[in-house]
Every structure is written in structure tokens, then in C-alpha cells.
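User: I've got a model open and want to go through it with you. Can we fix one term before we start?

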Amino acid sequence: MLIILKSTDKNYFFESYHWLILSKSQENVLDVLNNIKLNINSDLHLVVPNGRENFTIFDIYNPASQHGGKLIPHLDKSLKEYLVDDKNRQVNSMHRFQNACVNRCKELFNFSLHIQRTNSWGYVQADGYFDGLVGLLERRVVDFGSSPLIYKLDRIPVLSVDNNQDGVDSSWSFVFLFALGTFCQQGGTCYPKLFSSRILSLFVFLFCLLIYQFYSASIVSYLLMDPPRTIHNLKDLVESALRVGIEDILIDRNYFV
């Protein structure tokens, strides 16, 4: 504890230094940490034994101890209450936003939720399987995840809506959507694998490019053209389709006379 108290004046508690504190009691360490300068970018963990072979690791941080922030070693409320609480919304903002969207769907479609926490988002382990949220989704233990999840290359085959990992689709509906998307200048999630399909796709793209090129050129050329001049004298004006309206006042009568 003396090392921590001496280090607080030298500003060692930020992202460049990683602190791991081993203690038999949580309360004794927290009493000391309340008196040191901690910011939100500090990396400080407290390890407390929980039995003979188990340990509990607390991620200790402070929004800003010099600006009235308080030490937060753990949640003082349930997970459900924390997700709907508006206090300190800048912390875990994406998780709370995702939870709000899920709650709206729950009210709309009238289903219940049983929320639980995971140890991680999901990473490949030594046995080749995922842990955390991705592992629960892969094993069908949960129906969906209410936490934002980054799509990585190793997660896509596990989280995909189908088993088409090669991205190949040869159905007629896909051909129609592909052609329509090409005309609308939109891409597709699948790609042709055969050489004949790639050649056909290349010509479709080229054809759409020419169409847009000629269409744009025709619009520009029409806008740059001079308007036709068919009226050169009074006779042409009378014989034209222009209609004339005159207010019936004395000045106009005298003018025409």
C-alpha cells in the first residue's frame, strides 16, 4: 500500500501503467484507494481470493477523483436496473442503447427477457470453440445478444444466418436482385465464383456504366442547348400559341386606340 500512496503523486495511474493488486480483504484496499488520484483512464485491478482456488477480480476506476468522482469497484444494483438507469449514461452507452432497443421490441412483440452477463464477447479458445457471448450463440444457449458485438472474420461463420460461407448464390432470385442492384448502383453480399458468371457480371456492370454515361450526357447536352427561336416578327407572335391577358382600364384602352 505504501507503493501506491507514493506513486499517486507521480501520476502513474493512467493507460501506460497496468496495476494488479493482490489482497486478502477488499475493504482494506478500497479504504486506501479512496485517498489516491484515479482517473477514468487508469488500469487498476484488485484480486481477492474467493476460496482456495477461486479468485474475484475487480476492475477499479474513478471518473475523476480530482473533480468529485467516486470510486466504483462494482455495481451496487442489479444488471437490469443498471441498464435502464440514466445516471452516468456516458458509461457503457452502447450497451444501454442496445438494451433500450430490445425493450422496445419486447413491448411491441410481447415477449419476456431473461438477461445474464457473460465473461467476454467471444474469442476462440485452445479447443477451437468460442467463449463468452459468441459461444452462447453458437451453442444455442441464448436466443440473441443484447450487447453490441463487433463482426470479425472468425465470428462471421458462427454468427451467419446461413451456411453459405463461400458467398455463392446461384438462384434466379439472386440473379434478378443482382441485376436490379447493378442498375441502382448497389453492391451485393454474394459474388460469382465461376468464370462465366464473372464475365457476365463484368458485362452487366459495363452496360450499366454506359447507360448512366449516355443518360448523364444527354441531360447535360439538353441543358446546354439554346432554346429554339420561332418568333421573329409580329405575325409569328400572333400565330403562336401564346395567350395574352390585358386589364380593362382606361389607360390600356387609350393605348390600343
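Analyst: Yes, the exposure classes: a residue is buried under 20% relative accessible area, exposed over 50%, and partly exposed in between. Also keep in mind that this is a predicted model.

User: Fine. What are the helix and strand counts for the protein chain?

Analyst: There are 10 helices and three strands in the protein chain. Starting at the N terminus, the order of elements is α-β-α-β-β-α-α-α-α-α-α-α-α.

User: How much of the chain is buried?

Analyst: The protein chain has 257 residues, and 20% of them are buried.

User: Let's do pockets. What volume does the largest one have?

Analyst: About 1500 Å³ for the largest pocket. Its lining consists of 40 residues, and those closest to the centre are L79, H95, R117, T118 and S147.

User: Which elements give two or more residues to that lining?

Analyst: Strand β3 (55-60) and the helices α3 (79-84), α4 (93-109) and α5 (132-138) each do. The most comes from β3, which gives four residues.

User: And how does the lining divide into nonpolar, polar and charged?

Analyst: The lining of the largest pocket has 21 nonpolar residues, 15 polar and four charged.

User: Switching to rings. How many aromatic pairs turn up in the whole structure?

Analyst: The search gives two aromatic pairs. One of them is F183 with F207, an edge-to-face pair with 6.2 Å centre to centre and 85° between the planes.

User: Where do F183 and F207 lie?

Analyst: F183 is in helix α7 (residues 172-183) and F207 is in helix α8 (residues 195-224), so the pair ties together parts 24 residues apart in sequence.

User: Are those two rings' residues buried or exposed, or in between?

Analyst: In between. F183 has 35% relative accessibility and counts as partly exposed. F207 is partly exposed too, at 47%; that is under the 50% cut-off, so F207 does not count as exposed.

User: What forms the other aromatic pair?

Analyst: Y255 and F256 form an edge-to-face pair, at 5.8 Å centre to centre with 85° between the planes. Both Y255 and F256 are exposed.

User: Which arginine sits over the ring of Y82?

Analyst: That is R96, whose charged end is 4.3 Å from the centre of the Y82 ring. There is also R155, which lies over the face of Y123 at 5.1 Å from the ring centre.

User: Cysteines next. How many disulfides does the count come to?

Analyst: Zero. C184 is in no disulfide, and the nearest cysteine sulfur to it belongs to C208, 9.1 Å away.

User: Why no bond for C208?

Analyst: Because the closest cysteine sulfur, in C184, is 9.1 Å from that of C208, too far for a bond. The cut-off for a disulfide is 2.5 Å between the sulfur atoms.

User: How accessible are C184 and C208?

Analyst: C184 is partly exposed at 45% relative accessibility, whereas C208 is buried at 4%.

User: On to the backbone. Which sign does phi have at N110?

Analyst: Positive: phi of N110 is near 60°, and the residue is not glycine. For context, most residues other than glycine have a negative phi.

User: Where is N110 placed, and how accessible is N110?

Analyst: N110 is in the loop between α4 and α5, and at 70% relative accessibility N110 counts as exposed.

User: What is phi at R140?

Analyst: Near 60°, again a positive value in a residue other than glycine. R140 belongs to the loop between α5 and α6 (156-159) and is exposed, with 73% relative accessible area.

User: Last topic, some spatial contacts. How far apart are K37 and F13?

Analyst: K37 and F13 are separated by 24 residues in sequence and by 7.7 Å in space, C-alpha to C-alpha. K37 is in the loop between α2 (26-33) and β2 (43-49) and counts as partly exposed at 41% relative accessibility.

User: And V124 with G135, how far apart?

Analyst: V124 and G135 are 11 residues apart in sequence, with 8.8 Å between their C-alpha atoms. V124 lies in the loop between α4 and α5 and is partly exposed, with a relative accessible area of 41%.

Definitions and conventions: Residues numbered from 1 in each chain as written. Predicted model: local features only at pLDDT ≥ 70, side-chain atom pairs only at ≥ 80, totals over all residues. Heavy atoms only, no water. Phe/Tyr/Trp six-rings, centres within 6.5 Å; stacked < 30°, edge-to-face > 60°. Buried < 20%, exposed > 50% of the residue type's maximum accessible area, 1.4 Å probe, protein only. Lys NZ or Arg CZ within 6 Å of the ring centre and 35° of its normal. 1 Å grid on protein atoms, 1.4 Å probe; cavity = no way out; pocket = protein on both sides within 12 Å on 5 of 7 lines; lining within 4 Å. Points joined across faces, edges and corners; volume = space filled by probe spheres on them. Nonpolar A, V, L, I, M, F, W, Y, C, P; charged D, E, K, R; others polar.
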